[in-house]
Amino acid sequence: MRPRATAAALLLVLTPVPAHAAAPEPGVSVESGRAPAGTSLRVRGSAWAPGSTVQVEVCGANAVHGSADCDTPRAVTAMVAPAGTFEAGLTVGAPPASCPCVVRVATFPGTAGPPATATAPLTLPGHPTGPVRKDVAPVRADIVSAELTGGGGRGEMFGGRPRRTLVLRVRNAGTRPITDAPLVVGWGAGTTPDSSLAAPGTGTIQPGRTATYRIPVELPRASSGRFVVGGRFAGTVPFTTSFSTYPWGLLGANVLAALLLLLGVRLSLGRRAARRRRPAPTPAPGLDELLEHLGRAGYDRDELRTFLESRRSGPVDLAALDRYLKPGEPTVPERKG
């Protein structure tokens, strides 16, 4: 019995214990692996950090050089759901590098979760195909400054579109010229510039020289709060800046309108209360009362009745009638008996 127990113990010790399953890597898939330039493509992702923002773009050269191989002007951003998934619509463009091409998804700088990148193969009919060169030297560039100018005018104070200009200065810190490096720029509320902006071409920056780029920044009407503007140069050099805007004039106009409305309501209620307190008007005298009054003054009642009934169209002012007829001097001829 003892040898059997020993063999069983040895077998238990030598049996490998399964390790905990590793967390799945972020993945990306496209609804079709073939899409010509100018068409739309649905892109889906899974196992991404919840709450992060990802950028989706079409790239050449298998995206081995990052965004430098990608069609960044048509790139789109998407928010990752709590389940770690996202879905985005992408307009297929022509990347600056030749195929083999991919759809590249990468986390946006400054978003939640660790940096991550994933690709899915894509065939672009009509786009050139060539070898992938991995030995291309990476771009060496420094952000000299990134500042926002302009804005704060009267229109913005009263709910107009806030407008700024991003002035970006980039210095070539390498020994080779930087030619047509991609420039990705966006704006957003809070800390994530996830709404893309149209960026100009970067041209060529000679070694040691500095280039200046001006990018218009335009926000929706009546935007209020603090906003961030940022992005990447050449796919690897990040930059960011921020500004605040508040439509104080629009807010003041709304407060003034509310005060005027309250004042109007108060005046209306005051007029109603005054009408309720006003004494009822004295009714105009009737025809019989008028004839009795004139009879006391010595006028012929029958002729006055006939005259007044034919001409009467409203209340009669007795005092004015007395002054007109001059009591004591009858104007109506007396009857001859």
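## E87 and its salt-bridge partners

E87 counts as partly exposed, because its relative accessibility comes out at 43%. This is a predicted model, and in it the side chain of E87 meets that of R42 in a salt bridge, with 3.1 Å from N to O. The contact ties together distant parts of the chain: R42 belongs to strand β2 (residues 40-46), E87 to strand β5 (residues 86-91), and the two positions lie 45 residues apart in sequence. R42 is partly exposed too, with a relative accessibility of 32%.

What else joins in around R42 and E87? R44 does: salt bridges with shared partners put R42, R44 and E87 into one network.

## A buried pair, and one that is partly exposed

Over the whole structure, the search turns up 8 salt bridges. One of the others runs between R104 and E57, whose closest N and O atoms are 3.0 Å apart. Again the link spans distant parts of the chain, from E57 in strand β3 (residues 53-59) to R104 in strand β6 (residues 101-107), 47 residues apart. Buried or exposed: where does E57 fall? E57 has 0% relative accessibility, so it counts as buried. R104 is buried as well, because its 12% sits under the 20% cut-off.

Then there's E218 with R163, a salt bridge at 3.5 Å from N to O. Here E218 comes from strand β14 (residues 210-218) and R163 from strand β9 (residues 163-172), distant parts of the chain 55 residues apart. For burial, E218 is partly exposed with a relative accessible area of 37%, and R163 is partly exposed at 47% relative accessibility.

## Helix α3 and its surface patches

Helix α3 covers residues 248-277, and two surface patches have members in this helix. The charged patch is positive and consists of R271, R272, R275, R276 and R277. R276 lies in helix α3. Why does R276 count as exposed? Its relative accessibility is 65%, and that is over the 50% needed for the exposed class.

The other patch is nonpolar: L256, L260, L263 and L267 form it on the surface, with about 390 Å² of accessible area together. Among them, L263 is placed in helix α3. L263 itself counts as partly exposed, because its relative accessibility is 45%.

## Aromatic contacts

How many aromatic pairs does the structure hold? The count is 4. On the cluster side, W187, F227 and F243 come together as one aromatic cluster.

## Contacts across the sequence

V43 is found in strand β2, the strand that also holds R42. V43 is buried, because none of its relative accessible area is left: the value is 0%. Its C-alpha sits 7.1 Å from that of V28, and the two residues are 15 apart in sequence.

In strand β9 you'll find R171, and this is also the strand of R163. R171 has a relative accessible area of 32%, so it is partly exposed. Along the chain, R171 and V144 are 27 residues apart, while their C-alpha atoms are separated by 6.5 Å.

## Backbone oddities in the loops

If you're checking backbone geometry, start with C99 and P100: a cis peptide bond joins them, and omega is about 25°. P100 sits in the loop between β5 and β6. Those strands have already come up: E87 is in β5, and R104 is in β6.

Two loop residues have positive phi values without being glycine. A47 is one of them, with phi near 65°. A47 lies in the loop between β2 and β3, and it counts as partly exposed because its relative accessible area is 30%. N62 is another, with a positive phi of about 55°. N62 is in the loop between β3 and β4 (76-79). With 34% relative accessibility, N62 counts as partly exposed.

Key. Residues numbered from 1 in each chain as written. Predicted model: local features only at pLDDT ≥ 70, side-chain atom pairs only at ≥ 80, totals over all residues. Heavy atoms only, no water. Phe/Tyr/Trp six-rings, centres within 6.5 Å; stacked < 30°, edge-to-face > 60°. Patch = residues over 30% accessible without salt bridge, like charges linked within 9 Å, V, L, I, M, F, W, Y side chains within 5 Å. Areas by Shrake-Rupley, 256 points an atom, 1.4 Å probe, with all protein chains shown as cover. Salt bridge = Lys/Arg side-chain N within 4 Å of Asp/Glu carboxyl O. Lys, Arg positive; Asp, Glu negative; His and termini not counted. Charge placed at Lys NZ, Arg CZ, Asp CG, Glu CD. Helix = DSSP H or I, 4+ residues; strand = E, 2+ residues; numbered from the N terminus. Buried < 20%, exposed > 50% of the residue type's maximum accessible area, 1.4 Å probe, protein only.
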